[in-house]
Amino acid sequence: MGIEVTVEGLTKSFGKQTVWQDVTLTLPPGEVSVMLGPSGTGKTVFLKSLIGLLKPERGRVLVDGVDMVGGSERDIYRTRKLFGLMFQDGALFGSMNLFDNIAFPLREHTRKKESEIRRVVMERMDMVGLLGSEAKLPGEISGGMRKRAGLARALVLDPQIILCDEPDSGLDPVRTSYISQLLIDLNAQIDATMLIVTHNLDIAATVPDNMGMLFRRELVAFGPREVLLTSDIPVVRQFLSGRREGPIGMAEEKDEATLAAEQLAGTATAPPPPTRLVPQLEPSPGLPPRQAVQRRRARVLGMWDQLPAAARTAAQTGLSPVQGEPA
Ligand SMILES: Nc1ncnc2c1ncn2[C@@H]1O[C@H](COP(=O)(O)OP(=O)(O)OP(=O)(O)O)[C@@H](O)[C@H]1O
């Protein structure tokens, strides 16, 4: 099962610019979470802070008993091996074919024999639908294939936590649907804790168990998908409905005058949240059920009293796949 990631009071600045402050959340083990937020709100900086590549000034990131912010370099380096990272562009080496790109972490970090490396690489290439493309160079394949290769490479060290930075960037809607399904299928197969950073509304609606949103240097919300998808927090509504009306402007925040004009015109708010949610994706036929589903069900029922009424209503259908409604 994937490992829990606990973030406590995290604050990151570059010089005088605070990217975000006092971010606190827990990524539940084996569940899929998505972090949303307008461009420039520090989502990539957040991912890099989780693995200790960037150092926040305050707060802790606890992974398997190690603080990825203040722990020793030795502990951080060792714990980083529990993570698989998929960057926006796949971050592949242009001069290496796909096989060698995907084999790279195994050759770098393990003493496995070439025969074993071949077995692992082919298995992961099969998982992401790239068998037969071993000899291709990154420049010879499509953006979607590069992303899948990046994902295969993120998987070779059997990560217990997977971080994906904008898996949809540069992909058409159909390829994005395939990537969404692939992420759910991977979760069913390896039960890893996953955090996906994205702007994509389809991914947000169909993939995660939990969602969060960064805006104006704060974590606006983080919780079960039902809470965010039915939220009436203006910035969350605006983002999820993809409208201009609301607090997010072209330069992230609208100025006071624009907001006041919208209030006057009665266009300041996004439409109300939906009452029924688009169902979350299921693993493809033939794959095992996601183990996270039952754990999450128990977790959400445990916080039932604290959930807003709209989230409870939305959760009632989604949380009762077997029988009976949560009380
Ligand atoms: N190494 C760095 N040095 C200085 N500033 C940085 C550094 N890395 C990121 N930033 C700044 O931090 C802010 C957040 O950047 P980040 O890339 O995390 O945003 P994002 O939410 O991922 O954006 P997008 O959705 O457009 O990818 C930006 O203002 C960026 O310029």
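Select strands E6 and E7 to begin: E7 covers residues 161-165, and 4 bridges join E6 to E7, with the two strands running parallel. One pair is worth labelling, since Leu85 has Leu163 in E7 as its bridge partner. Keep in mind throughout that this is a predicted model.

**The six-stranded sheet**

Now add the other strands around this pair. The open sheet has 6 strands, in the order E6-E7-E8-E3-E9-E10, and its pairing is mixed. Strand E6 (83-86) and strand E10 (218-224) stand at the edges with a single partner strand each, so one side of each has no neighbour in the sheet. Look along the sheet and follow the twist, which averages 15° from one strand to the next. While the strands are on screen, recall a general point about side chains. In a regular strand they alternate between the two faces of the sheet.

**Helix H5 and its partner H3**

Next, select residues 143-155. This is helix H5, which lies across E6 and E7 and runs at about 170° to E6.

Add residues 98-109, which make up helix H3. H3 and H5 pack at an angle of about 30°, and their axes are 7 Å apart. An angle under 35 degrees counts as roughly parallel, so H3 is roughly parallel to H5. The crossing of H3 and H5 is right-handed.

Show the side chains where the two helices meet. On the H3 side, select Leu98, Asn101, Ile102, Phe104 and Pro105; on the H5 side, select Ala149, Ala152 and Arg153. Sorted by class, this contact of H3 with H5 has 6 nonpolar, 1 polar and 1 charged residues.

**From H3 to H4**

Keep H3 on screen, hide H5 and select residues 114-127, which form helix H4. The axes of H3 and H4 come within 10 Å and cross at roughly 125°. H3 and H4 are therefore oblique to each other. Their crossing is right-handed.

Which residues in H3 and H4 meet? From H3, pick Phe99, Ile102, Ala103, Leu106 and Arg107; from H4, pick Ile117, Val120, Val121, Arg124 and Met125. The residues of this contact divide into 8 nonpolar, no polar and 2 charged. Ile102 deserves a label, as it is listed in the contact with H4 and also in the contact with H5.

**The four-stranded sheet**

Move to the start of the chain and select residues 5-14 and 17-27. These are strands E1 and E2, which pair in the antiparallel sense over 7 bridges. Walk along the pair and label opposite residues. Val5 stands opposite Leu27 in E2, Thr6 stands opposite Thr26, and Phe14 stands opposite Gln17. The hairpin of E1 and E2 has 2 residues between the strands, and in it Gly15 takes a positive phi near 60°.

Add residues 58-63, strand E4. E1 and E4 also pair in the antiparallel sense, over 5 bridges. Here the bridge partner of Thr11 is Arg58 in E4.

With E5 included, 4 strands form an open sheet in the order E2-E1-E4-E5, and the pairing is antiparallel. Which strands stand at the edges? They are E2 and strand E5 (66-67), each with a single partner strand, so one side of each is left without a neighbour in the sheet.

**Helix H1 and the ligand**

Select residues 43-50 for helix H1. H1 lies across E1, E2 and E4, and runs at about 120° to E1.

For the last stop, turn on the ligand and select its shell: Phe14, Val19, Gly37, Ser39, Gly40, Thr41, Gly42, Lys43, Thr44 and Val45. Where does the largest share of this shell come from? It comes from helix H1, which gives 3 residues. By class, the shell divides into 3 nonpolar, 6 polar and 1 charged. Phe14 links this stop to the hairpin, since it is among the residues around the ligand and stands opposite Gln17 in E2.

Conventions
Residues are numbered from 1 along each chain as its sequence is written. This is a predicted model: local features need pLDDT of at least 70, side-chain atom pairs count only at pLDDT 80 or more; totals for chains, interfaces and linings use all residues. Axes are lines fitted to C-alpha atoms, for helices over the stretch in contact, and angles run from 0 to 180 degrees between N-to-C directions. Angles under 35 degrees count as roughly parallel, over 145 as roughly antiparallel, 65 to 115 as roughly perpendicular and the rest as oblique. A crossing is left-handed if the near helix is turned anticlockwise from the far one by less than a right angle, and right-handed if clockwise. Two residues are in contact if their C-beta atoms, placed from the backbone, lie within 7 Å. Ala, Val, Leu, Ile, Met, Phe, Trp, Tyr, Cys and Pro count as nonpolar, Asp, Glu, Lys and Arg as charged, and the others, Gly among them, as polar. A residue is near a molecule or strand if its C-beta atom, placed from the backbone, lies within 6 Å of it. Two strands pair if DSSP finds at least two bridges between them.
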